[in-house]
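This tour proceeds by selections made one after another in the viewer. At each stop, please make the selection named and then compare the display with the description.

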Amino acid sequence: LRAFIYQCQKRTSDKLPVKKLFNGYLSYLFPKNPISSALVYTAIPDKAEIFALRKLANRDTIFLDIGANVGVYSLFLADCVKEVFAFEPHPETAKCCKMNFALNGIDEKNVVDMAVSDSTEPKYFSNQAAASPINHIVDKKDNAITVLSTTLDHFVQIQQFSKQTPFILKIDVEGFEYEVFTGAKHFLSEYNIKGIIFESFSTKLAEIIKLLQNNGFFTKPIGDNNMLAFKSD
């Protein structure tokens, strides 16, 4: 019934419908956005991943949502952490994420409209419409846009986070997870990271797991296409 009503609203109204999430936060349902649609058809998309991160969080925790799209993971975690930062380089998608943050009283400055990679050089980024969740870094400028880029090592340095601050992360960058981890070697070795959810599509998954294990993480599959990295404690 909810899905039927949502489909009717999409076709007959210019007003964006809003979904109340299980933790009381709100999310706009953006037309033609698969993440928004998932909120209609499933109460908690990626439920196992969401609750694994929530279990690792406390009120001192910083959540880094890398590849945030419209920020749904951030909204699912915002009530149980100190602060969230959502990284989304596509300008239209970042705008949607900022709208979701503003809807919930979260500072829009916490949406970082940059790609996260292994360098701070600008990157080419695919340009599919409707806040597509499969936009990603590409090698050529054809049918792409240029976006700013950062590394996690650079970001935590600029933010001047204490090394004792607990962190949890979600990394969903359409196969470019290895580049994110490569740009986070100091972060992984020196900071208090409690857990990381990341997609398992990377062709360098074995290298990612080895890098994590060398920094004291255990890894295991979680959900359909993700991995959970965590410390033994």
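Begin with the aromatic side chains, and bear in mind that the model is predicted. Select Phe-85, Phe-87, Phe-155, Phe-161, Phe-167, Phe-187 and Tyr-191; ring pairs link these residues into a cluster. A search of the whole structure finds 13 aromatic pairs. To examine one pair in detail, select Phe-181 and Phe-198. The centres of the rings of Phe-181 and Phe-198 are 5.2 Å apart and their planes stand at 80 degrees, so the pair is edge-to-face. This pair links distant parts of the chain, since Phe-181 is in helix α7 (residues 177-182) and Phe-198 is in strand β12 (residues 192-199), 17 residues apart. Are Phe-181 and Phe-198 buried or exposed? Both Phe-181 and Phe-198 are buried.

**Strand β12 and its partners**

Next, select the whole of strand β12. Six of the eight residues of β12 are buried, so this strand is largely enclosed by the rest of the structure. Add β11 (166-171) to the selection. β11 and β12 pair in the parallel sense, over six bridges, and Ile-171 stands opposite Phe-198 in β12. Now add β14 (226-230). In which sense do β12 and β14 pair? The pairing of β12 and β14 is antiparallel, over five bridges, and Gly-195 stands opposite Phe-230 in β14. As background, the strands of a sheet pair through backbone hydrogen bonds, either parallel or antiparallel.

**Lysines over rings**

Continue from β14 into the segment after it, where Lys-231 lies. Select Lys-231 together with Phe-217: the lysine lies over the face of Phe-217, at 4.6 Å from the ring centre. Why does Lys-231 count as partly exposed? Its relative accessible area is 25%, and the partly exposed class lies between under 20% for buried and over 50% for exposed. Leaving aside neighbours within four places in sequence, Lys-231 is in contact with Ile-193, Lys-194, Asn-215, Gly-216, Phe-217 and Phe-218. For a view across the model, select the C-alpha atoms of Lys-231 and Ile-35, which are separated by 29 Å and are 196 residues apart along the chain.

A further lysine and ring can be shown by selecting Lys-170 and Tyr-73. The charged end of Lys-170 sits over the ring of Tyr-73, 4.9 Å from its centre.

**Helix α6 and the residue after it**

Select helix α6 (residues 152-159), whose buried residues are Leu-152, Phe-155 and Val-156. Turn the view to look down the axis of α6: the buried residues fall within an arc of 90 degrees, so they line one face of the helix. On the other side of α6, Gln-157 and Ile-158 are exposed.

Then select Gln-160, in the loop between α6 and β11. Gln-160 counts as exposed, at 70% relative accessibility. Its phi is near 60 degrees, a positive value in a residue other than glycine. Most residues other than glycine have a negative phi.

Asp-46 offers another example of a positive phi, near 55 degrees. Asp-46 is found in the loop between α2 and α3, and at 36% relative accessibility it counts as partly exposed.

**The nonpolar cores**

Which residues touch the most other members of the largest nonpolar core? Select Phe-63, Phe-76, Leu-77 and Phe-101, which hold this place among its 35 residues. Several elements each supply at least two residues of this core: α2 (34-41), α3 (47-56), α4 (72-77), β4 (83-87) and α5 (91-103). The largest share, five residues, comes from α4.

Now select Phe-76 with its surroundings. Not counting residues up to four places away in sequence, Phe-76 touches Leu-21, Phe-22, Asn-23, Leu-39, Ala-43, Ile-44, Pro-45, Ile-50 and Arg-54. A second, separate core has 31 residues, including Leu-64, Phe-155, Val-180 and Ala-184.

**A sheet of three strands**

For the last stop, select β7 (residues 123-126), together with β8 (137-138) and β9 (144-147). These three strands form an open sheet in the order β8-β7-β9, and the pairing is antiparallel. The edge strands are β8 and β9, each of which pairs on one side only. Between β7 and β9 there are four bridges, and the bridge partner of Phe-125 in β9 is Ile-145.

Key. Residues are numbered from 1 along each chain as its sequence is written. Side-chain values use heavy atoms; hydrogens and water are left out. Two strands pair if DSSP finds at least two bridges between them. A nonpolar core is a set of buried Ala, Val, Leu, Ile, Met, Phe, Trp, Tyr and Cys residues joined through side-chain atoms within 4.5 Å. Buried means under 20% relative accessible area, exposed over 50%, partly exposed in between (1.4 Å probe, protein chains only). Contact means heavy atoms within 4.5 Å. Rings of Phe, Tyr and Trp (its six-membered ring) pair if their centres lie within 6.5 Å; planes under 30 degrees apart count as stacked, over 60 as edge-to-face and the rest as tilted. A charge sits over a ring if NZ of Lys or CZ of Arg is within 6 Å of the ring centre and within 35 degrees of the ring normal. The arc is that of the directions from the helix axis to the C-beta atoms.
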